[in-house]
Amino acid sequence: MPNIPNGSANATQSDVPPDDDAVVLRAAGIEKRYDSTLPLVGRTVEVLTGADLELRPGEVVGIVGENGSGKSTLLKVLVGALRPDAGEVRRTGTVGWCPQETLLYDRLTVRETFELFGEAYGMDDRRVRERRDHLADRLDFAGFLDYRIDHLSGGNRQKVNLAVALLHDPDVLLLDEPYTGFDWETYLAFWDLTEELVAGGTAIAVISHLVSERERFDRILELRDGTLHEQSDPSRKPRSAAHGGDGPVGGEGPGDDGSGSAEGEVGRIEGTTGGREG
Amino acid sequence: MGRLATGTRLGLVEFVRQPTTLAMLLVLPPVVVETYGVALESFPQLPSLGADPATAGRVTGTLFAVAFLSGLVGLFQVISARSADERMTVAGFPRATLLATRLVTMVAVTLAGGAVAFGVFARRVDVAAPALAFGVLVLAGLVYGLLGVVVGTLVPRELEGSVVLVFLADVDNALSSGLFPVDAAVPVPGAGDVAVTDLLPLYHPHELFSAAALEGELATGHLGPVAAWVLALLGIAFLAYGHSTGGGLPAPVRRWSP
């Protein structure tokens, strides 16, 4: 099955040992294409044509690309939700996945949602409550714990969507457009939380079609023509130097539409570089 | 057990938070049972009916109500939760356990819908073996609930899935009830020529329910085929559900221990 279950207790030893002990996730030669299931309807689209990626503990990697370039497909492959046509993904430890859409049960309350995902992650009740309350406090949705998911605003749904991925304090965090719909304060809180996780050794990949604050990332990779290309920007400070644990630096705001944005001090870069529709 | 219990409890919580479905559960069975009974009162007394037309109509209506309702529950259980289920399996919730929570929820709803339908049936028909008849009714619901899960995974859209299920249940029920005597037979490997009706999912539950409700007997010869339907649908449901939530086949994805 393509899914990689969470919980290292279920880990199996790969017959191919990792080349670099520090790598917590390695994807090599990932290929994925979508074929039309019916004749004469649709067309075959080659989305990934050999994407490679390595993540190491405590680094934040940005993955950018145009709409339709295959970012979400790549993330689904990395997390194990989608089977690649070719290539291999290996990782160690637990993974947290924040999908682009809020994949939650609409008629459950926020509290029930955490209870259910806590079971999935194999957490005990006390730990679930602790983590849920901590995340609700940090992302400011404590007042909505007894609201049904389908009764939440878009921004609050996204907060819960993100918090579910963070609930078990994973070793690898894969986030797909995680701050879409966030207000400015929540956006800053998100990056505060990220710094906290990075300090604890979590490897984070943030997928976005728009990365505006490059100093927040150790590396930025562009998904173009189905493969990942490292973007170099000599003028930018590395994330560790830019922040040094002192909290967020201003920049363009969250969300696809840039709503709630504020002009930043450092390294504002508009949009992404070239690519093509995948 | 913790995951199964939590998943089932929250599955039921989700279900009861759908007021229209709850209303359907209460209203549909009585309407269907009575409609079939009244509509068939003037029907000719055919030997294939096995009872007076009104009673045969209520037997058929009760089975149809429970089967179709369970089928819809099975269908919507897997369609509406498909994407979130995929995330749950990625998070580590075992796929088999997740499917089990869906099935237990479906059985619970079948019990409730079956109780309503059977209550209406028992008010109009003198039931010879109530406990046995109710058990058989739940079995019929289980067969169609599983069928709903299979249809929901293969046709993962609510409208199209519902259409498939309604046509399936309608044709199945009509042919299984004896209202339209069918002589056609098809060759089945190892079994020779078998009547077409014998291959329908509701035929054997119909025979079991008629025997239990009207004669107070357990028609043991029909238990095997029903069990075969349940086991076959369970297997197909597991494979189809596993595939729909992202699994089912070996994948070139590995993990290692640090």
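These legends walk through a few close-up views of one predicted model.

The model is predicted, so local features need pLDDT of at least 70 and side-chain atom pairs count only at pLDDT 80 or more, while totals for chains, interfaces and linings use all residues. Residues are numbered from 1 along each chain as its sequence is written, chains are lettered from A and ligands numbered from 1 in the order in which they are written, and side-chain values use heavy atoms, with hydrogens and water left out.

**View 1. The open sheet of chain A.** Six strands line up in the order β5-β6-β7-β3-β8-β9 (chain A), and their pairing is mixed. Strands (E, at least two residues) and helices (H or I, at least four residues) are DSSP runs numbered from the N terminus, and two strands pair if DSSP finds at least two bridges between them. At the edges sit β5 (95-98) and β9 (227-231) of chain A, each pairing on one side only. On average, neighbouring strands are turned by 20 degrees against each other, direction ignored; axes here are lines fitted to C-alpha atoms, for helices over the stretch in contact, and angles run from 0 to 180 degrees between N-to-C directions.

**View 2. From the β5(A) edge inward.** Here β5(A) runs parallel to β6 (residues 172-176) of chain A, joined by four bridges. Look for G96(A), which stands opposite L173(A) in β6(A). L173(A) also has a bridge partner in β7(A), namely I204(A). β6(A) and β7(A) pair in the parallel sense over five bridges. Between these two strands the chain passes through helix α5 (residues 184-199) of chain A, making a right-handed β-α-β crossover (with the strands pointing away from the viewer, the path from the first strand over the helix to the second runs clockwise).

**View 3. The covered strand β7(A).** Five of the five residues of β7(A) are buried (under 20% relative accessible area, with a 1.4 Å probe and protein chains only). A203(A), A205(A) and I207(A) point one way, and I204(A) and V206(A) the other way. Meet I204(A) again: V60(A) stands opposite this residue, where β3(A) and β7(A) pair in the parallel sense over four bridges.

**View 4. Helix α1(A) against the sheet.** Helix α1 (residues 71-79) of chain A packs on the sheet, and β3 (60-64), β7 (203-207) and β8 (219-224) of chain A are among the strands it touches (contact means heavy atoms within 4.5 Å). Its direction makes about 155 degrees with that of β6(A). Seven of the nine residues of α1(A) are buried, including L74(A), L75(A) and L78(A). Just after α1(A) comes G80(A), with a positive phi near 100 degrees.

Methods. Buried < 20%, exposed > 50% of the residue type's maximum accessible area, 1.4 Å probe, protein only.
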